[in-house]
Amino acid sequence: MSEKKINVTPAEGKLGVLIPGMGAVATTFIVGVKAILKGLGSPIGSLTQMGSIRLGKRTDNNNPLIKDFISLAGLSDLEFGGWDVFSDSCYDAASKAHVVFKQHVDAVRDEIETIKPWKAVFDPEYVTRLHGTHVKTGKTKLDLAKQVMEDMARFKEEKKLSRMVMVWCGSTEAYLQPSEVHQTLEKFEKGLENNDPLISPSMIYAYAALQSGVPYANGAPNLTVDIPAMLELAKIKNVPVSGKDFKTGQTLLKTIVAPGLKARMLGVKGWFSMNILGNRDGEVLDAPENFKTKEESKLSVLEQILEPELYPELYKDLCHKVRINYYPPRGDNKESWDNIDLVGWLNYNMQIKINFLCKDSILAAPIVLDLALFMDYAKRCGFSGIQEWLSFYYKSPMAAPGLKPEHDLFVQLAKLKNNLRYIQGEDLITHLGREYYD
Ligand SMILES: NC(=O)c1ccc[n+]([C@@H]2O[C@H](COP(=O)([O-])OP(=O)(O)OC[C@H]3O[C@@H](n4cnc5c(N)ncnc54)[C@H](O)[C@@H]3O)[C@@H](O)[C@H]2O)c1
């Protein structure tokens, strides 16, 4: 054990989890936490609740649970609040989402019926398929940001919270590229006052969170905290940020399979990914401008993992296509098909087919939980800006400008665990293994 380098403030008191977008993912997460607390299910898929971490040598047999190794908020310390463009309570929204069975939703009805979303910051230009009515009004975007800050402060007071985190679970917004107004905090704040159309609703929530010293995690692929203005604010306020786009379903499998093929130096000529899904997320993504945001996020993964610039013979001609089709009969039960055309010894062609019948929000809910707990932990560690060690959870992990993001799930996990060891002053695991044979 080396010397402890970072002083972590203990997780005392209640943690408020603030969620813009109380749809399928958010309600599956909240119902799940409440049901788990009642012993009605297990937090499967959550590293903070089920994962262990090896300390020291393999022969030491020292593998505590992560939640026992570091100071994390407990599930019973969580309070939930959020915003939506529809006024449904968490109970009604969870019932309409049809992800969690009625018996689970009803079992926690009393606790979740009182969770009612506050009016949203919404701009139909960014999500054309939704026609929400539960929406804030204000002269300027700065007014709207102030209203979000007031919601947060009121919630903190009412629930007697000691800390808060924000996790965006709202719809994917239309594709946006960084532009002048996003470059500095000063320009961004002028843009808020002048109602600059290139400032999206998600940026207004993020600005409000960072100004209030609240960590912000982005579960969708839209441009939000990954602009210089927000990173500047995060540094000034000493707040951690992370994103973007929860890594679930098809991309999760992609980042499991692709590193394996590359590790064995197998070539890949083509990867065709098809999806059908019928939830509201699917409906929003049916609009081309919103699909483009998702497509960019999904496409970036393979290039980064396979590194065609290092292995041109194996990957330079890779044809990677992603299709998402809105198909209402399936609801949240997404089905995906992947066809992988690979190349082996003496250039012989082979194929792999993957057919994943998943439940989108069941895969996303534990990620929301882990991000809420780890982002709060990061803040208590005194960290600010991009939290690269949380890349594990994202399809498009944020990284410092000029730095390639890490997509390989196993490298991401090793990075996350080594960060925890580092913070706690434990030796890092190098997997060298020589010490057992010397
Ligand atoms: N596995 C997954 O489910 C998964 C994986 C990765 C990313 N995501 C992303 O997570 C987000 C949520 O997914 P979902 O399945 O819960 O979708 P959903 O449509 O069920 O929920 C999104 C909610 O956000 C609300 N909303 C939209 N704009 C808002 C705004 N400006 N302010 C407040 N609320 C707003 C909508 O009314 C809706 O209730 C989507 O962006 C999705 O792309 C989901």
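# Briefing: a ligand between two domains

Of the 36 residues around the ligand, those that come nearest are Gly21, Gly23, Val25, Ala220 and Arg280, where a residue counts as near a molecule or strand if its C-beta atom, placed from the backbone, lies within 6 Å of it. The elements that give two or more residues to this shell are α1 (24-37), β2 (78-84), α12 (280-285) and α15 (360-380); helices (H or I, at least four residues) and strands (E, at least two) are DSSP runs, numbered from the N terminus. This is a predicted model, in which local features need pLDDT of at least 70 and side-chain atom pairs count only at pLDDT 80 or more, while totals for chains, interfaces and linings use all residues. Residues are numbered from 1 along each chain as its sequence is written.

**The shell around the ligand**

- The largest share of the shell around the ligand comes from α15, which gives four residues.
- By class, the shell around the ligand has 20 nonpolar, eleven polar and five charged residues, with Ala, Val, Leu, Ile, Met, Phe, Trp, Tyr, Cys and Pro counted as nonpolar, Asp, Glu, Lys and Arg as charged, and the others, Gly among them, as polar.

**The two domains**

- The protein chain is assigned domain 1 (14-246 + 362-424) and domain 2 (249-357), with bounds that come from an automatic or database domain assignment.
- Because domain 1 and domain 2 both give residues to the shell around the ligand, the ligand lies between them.
- The centres of domain 1 and domain 2, taken over C-alpha atoms, are separated by 26 Å.
- In domain 1, 26 residues are in contact with 27 residues of domain 2, contact meaning that the C-beta atoms of two residues, placed from the backbone, lie within 7 Å.
- The side of domain 1 that touches domain 2 has, by class, twelve nonpolar, eight polar and six charged residues.

**Helix α1 against helix α4**

- The axes of α1 and helix α4 (residues 90-97) come within 9 Å and cross at roughly 110°; axes are lines fitted to C-alpha atoms, for helices over the stretch in contact, and angles run from 0 to 180 degrees between N-to-C directions.
- The contact is made by Ala24, Thr27, Thr28, Ile30 and Val31 of α1, together with Cys90, Ala93, Ala94 and Ala97 of α4.
- By class, this contact of α1 with α4 has seven nonpolar, two polar and no charged residues.

**Backbone features in loops**

- Gly243 and Lys244 are joined by a cis peptide bond, with omega about -5°, and Lys244 is found in the loop between β6 (240-243) and α11 (249-263).
- Although Lys160 is not a glycine, it has a positive phi of about 55°, and Lys160 lies in the loop between α7 (141-159) and β4 (161-168).
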